[in-house]
Amino acid sequence: KLHVPRKLRAPSKKGNGNVLMLRAEASGRIFSLIETARVNGHNPQQYLSVLLSELPNCSSVEQIEALLPWNLTKEEVEPRYASFPSP
């Protein structure tokens, strides 16, 4: 039987409607980031892979801002993505 963590289950009738709102908000942020990457000329998969691999190493707001789609060029993202191991 598949185990689904409690916070990912459908809300109960006891008033967990906020969970759905949080999921919608998180999804909206991800879709916005994907579209912003696309508008800035990035391959969304490559950009998100680079972003998610480098974000944990950021220790300042400036380092995070440097990873935003409009601050990175496609030419900067492609070699970083190419250095990742193939699945």
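**Packing and polar contacts in a predicted four-helix chain**

Phe 84 has a relative accessible area of 27%, so this residue counts as partly exposed. The model is a predicted one. Tyr 81 is the ring partner of Phe 84. The two rings meet edge-to-face, with 5.9 Å between centres and 75 degrees between planes. Tyr 81 is also partly exposed, at 25% relative accessibility. Both values fall between the limits of 20% and 50%, so neither residue is classed as buried or as exposed. The count of aromatic pairs comes to one.

The protein chain contains four helices and zero strands. Along the sequence, the pattern reads α-α-α-α. Of the 87 residues in the protein chain, 16% are buried. The accessible surface amounts to about 7000 Å². Carbon and sulfur atoms account for 59% of that surface. Contacts between residues at least 6 apart in sequence were also examined; 47% of them join residues at least 24 apart.

The largest nonpolar core holds ten residues. Its members are Ile 34, Ala 37, Tyr 47, Leu 48, Val 50, Leu 51, Cys 58, Leu 67, Leu 72 and Val 77. Two elements, helix H1 (17–39) and helix H2 (44–54), give two or more residues each to this core. H2 supplies the largest share, four residues. Within H2, the buried residues are Pro 44, Gln 46, Tyr 47, Leu 48, Val 50 and Leu 51. Ile 34, a member of the core, touches Pro 44 and Leu 48 when residues up to four places away in sequence are not counted.

The N-terminal end of H2 is capped by Asn 43. A side-chain oxygen of Asn 43 lies 2.9 Å from the backbone nitrogen of Gln 45. His 42 sits in the loop between H1 and H2. The relative accessible area of His 42 is 5%, under the 20% limit, and His 42 is therefore buried. The side chain of His 42 reaches the backbone oxygen of Leu 72 at 3.1 Å. With neighbours within four places in sequence left aside, His 42 is in contact with Ala 37, Tyr 47, Pro 69, Leu 72, Thr 73, Lys 74 and Val 77. Ala 37, Tyr 47, Leu 72 and Val 77 also appear in the largest nonpolar core.

Two salt bridges were found in a search of the whole structure. One joins the side chains of Arg 38 and Glu 35, at 2.6 Å from N to O. Both residues lie in helix H1. They are three residues apart, about one turn of the helix. Arg 38 has 44% relative accessibility and is thus partly exposed. Glu 35 is partly exposed as well, at 40%.

Arg 80 and Glu 54 form a salt bridge, with the closest N and O atoms 3.0 Å apart. This pair links distant parts of the chain. Arg 80 belongs to helix H4 (residues 74–82) and Glu 54 to helix H2, 26 residues apart. Arg 80 has a relative accessible area of 29%, so Arg 80 is partly exposed. Glu 54, at 23% relative accessibility, is partly exposed too. H2 therefore takes part in this salt bridge through Glu 54 and in the largest nonpolar core through four residues.

Definitions and conventions: Residues are numbered from 1 along each chain as its sequence is written. This is a predicted model: local features need pLDDT of at least 70, side-chain atom pairs count only at pLDDT 80 or more; totals for chains, interfaces and linings use all residues. Side-chain values use heavy atoms; hydrogens and water are left out. A nonpolar core is a set of buried Ala, Val, Leu, Ile, Met, Phe, Trp, Tyr and Cys residues joined through side-chain atoms within 4.5 Å. Buried means under 20% relative accessible area, exposed over 50%, partly exposed in between (1.4 Å probe, protein chains only). Contact means heavy atoms within 4.5 Å. A polar contact is a pair of N or O atoms within 3.5 Å; within protein, one must be able to donate a hydrogen and the other to accept it, and residues adjacent in sequence count only if both atoms are side-chain atoms. Rings of Phe, Tyr and Trp (its six-membered ring) pair if their centres lie within 6.5 Å; planes under 30 degrees apart count as stacked, over 60 as edge-to-face and the rest as tilted. A salt bridge is a side-chain nitrogen of Lys or Arg within 4 Å of a carboxyl oxygen of Asp or Glu. Accessible areas come from the Shrake-Rupley method with a 1.4 Å probe; for residues, only the protein chains shown count as cover.
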